[in-house]
Amino acid sequence: MSTSTETQAFALRLRQALESCGVRLSPTVVANEFNLRYWGRSITPHTARNWLLGKAIPTQDKLRVLADWLQVGPDELRFGQAALTPKVGEGLDAGGALSMVDREMLSRYLSLSLHYRKTVRDVVSALVLASQAQKPD
């Protein structure tokens with residue numbers, strides 16, 4: 001069970017993520033937008049209000065949907081720390097560790113505000129799409 005401090009910290013991170021995505025901090029807006037993306041039982045504005053006020057933390061399946069929608073990592077949203085474990089084969093040197101340059105880049109990224117982190121993620125996503133479009137079939 002979550003403590004009051006944990007739920008308050010989660011609510012702060014959720015509000016910051018919503019603001020960085022330009023989503024109004026309204027329980028009704030959050031519930032409606034969430035329900036468009038979640039295939040399970042829908043949530044009520046009251047549930048979203050409890051998340052925003054730090055009275056409750058969503059279950060893991062709902063947390064994943066929130067994180068995907070708000071373009072943050074589920075661990076970062078839930079616990080306040082970005083997961084630094086890359087996917088297998090991505091950004092790893094031959095020994096299976098991040099290179100010094102990649103660690104420095106991640107450190108700088110993590111020092112940014114949520115708003116700027118979102119901008120960086122958007123740029124990287126656009127670059128990936130552009131590089132995939134240029135690959136011959």
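# Helix contacts, salt bridges and a nonpolar core

Biologist: How does Arg37 count by relative accessible area: buried, exposed or partly exposed?

Modeller: The model is a predicted one. Buried requires a value under 20% and exposed a value over 50%. Because the relative accessible area of Arg37 is 34%, Arg37 lies between these limits and is partly exposed.

Biologist: Which residue meets the side chain of Arg37 in a salt bridge?

Modeller: Side chains of opposite charge can pair when their charged atoms come close. The partner of Arg37 lies with it in helix α2 (residues 27-37), four residues apart, about one turn of the helix. The N to O distance in this salt bridge is 2.9 Å, and the partner is Glu33.

Biologist: What is the relative accessible area of Glu33?

Modeller: Glu33 shares helix α2 with Arg37. Glu33 is partly exposed, and its relative accessible area is 27%.

Biologist: How many salt bridges does a search of the whole structure find?

Modeller: One of them joins the side chains of Arg108 and Glu104 at 2.9 Å, N to O. Another joins Asp122 and Lys118 at 2.8 Å, N to O. With the whole structure searched, the number of salt bridges is four.

Biologist: In the pair of Arg108 and Glu104, what is the relative accessible area of Arg108?

Modeller: Arg108 and Glu104 are four residues apart in helix α6 (residues 100-110), so about one helical turn separates them. Glu104 is partly exposed, at 38%. Arg108 is exposed, and its relative accessible area is 57%.

Biologist: Is Lys118, the partner of Asp122, buried or exposed?

Modeller: Asp122 and Lys118 both lie in helix α7 (residues 114-134), four residues apart. Asp122 is partly exposed, with a relative accessibility of 31%. The cut-off for buried is under 20%; because Lys118 has a relative accessible area of 17%, Lys118 is buried.

Biologist: How are helices α1 and α3 oriented relative to each other?

Modeller: Helix α1 (residues 4-20) and helix α3 (residues 45-53) pack with their axes 6 Å apart, at an angle of about 105°. Angles of 65 to 115 degrees fall in one class, which means that α1 and α3 are roughly perpendicular.

Biologist: Which residues of α3 make this contact?

Modeller: From α1, the contact draws on Gln8, Phe10, Ala11, Leu14, Arg15 and Leu18. By class, the contact of α1 with α3 has seven nonpolar, one polar and one charged residues. On the side of α3, the residues are Trp51, Leu52 and Leu53.

Biologist: Which element gives the largest share of the largest nonpolar core?

Modeller: In soluble globular proteins, nonpolar side chains tend to be buried together. Of the 22 residues in this core, Phe10, Leu14, Leu18, Leu66 and Leu77 touch the most other members. Two or more residues come from each of α1, α2, α3 and α4. The largest share is six residues, and the element that gives it is α4.

Biologist: Where is Pro58 placed in the structure?

Modeller: At 9% relative accessibility, Pro58 counts as buried. Beyond its neighbours within four places in sequence, Pro58 is in contact with Phe10, Trp51, Leu63 and Leu66. The C-alpha atoms of Pro58 and Thr7 are separated by 9.8 Å, although the two residues are 51 residues apart along the chain. The place of Pro58 is in the loop between α3 and α4 (60-70).

Methods:
Residues are numbered from 1 along each chain as its sequence is written. This is a predicted model: local features need pLDDT of at least 70, side-chain atom pairs count only at pLDDT 80 or more; totals for chains, interfaces and linings use all residues. Side-chain values use heavy atoms; hydrogens and water are left out. Axes are lines fitted to C-alpha atoms, for helices over the stretch in contact, and angles run from 0 to 180 degrees between N-to-C directions. Angles under 35 degrees count as roughly parallel, over 145 as roughly antiparallel, 65 to 115 as roughly perpendicular and the rest as oblique. Contact means heavy atoms within 4.5 Å. Ala, Val, Leu, Ile, Met, Phe, Trp, Tyr, Cys and Pro count as nonpolar, Asp, Glu, Lys and Arg as charged, and the others, Gly among them, as polar. Buried means under 20% relative accessible area, exposed over 50%, partly exposed in between (1.4 Å probe, protein chains only). A nonpolar core is a set of buried Ala, Val, Leu, Ile, Met, Phe, Trp, Tyr and Cys residues joined through side-chain atoms within 4.5 Å.
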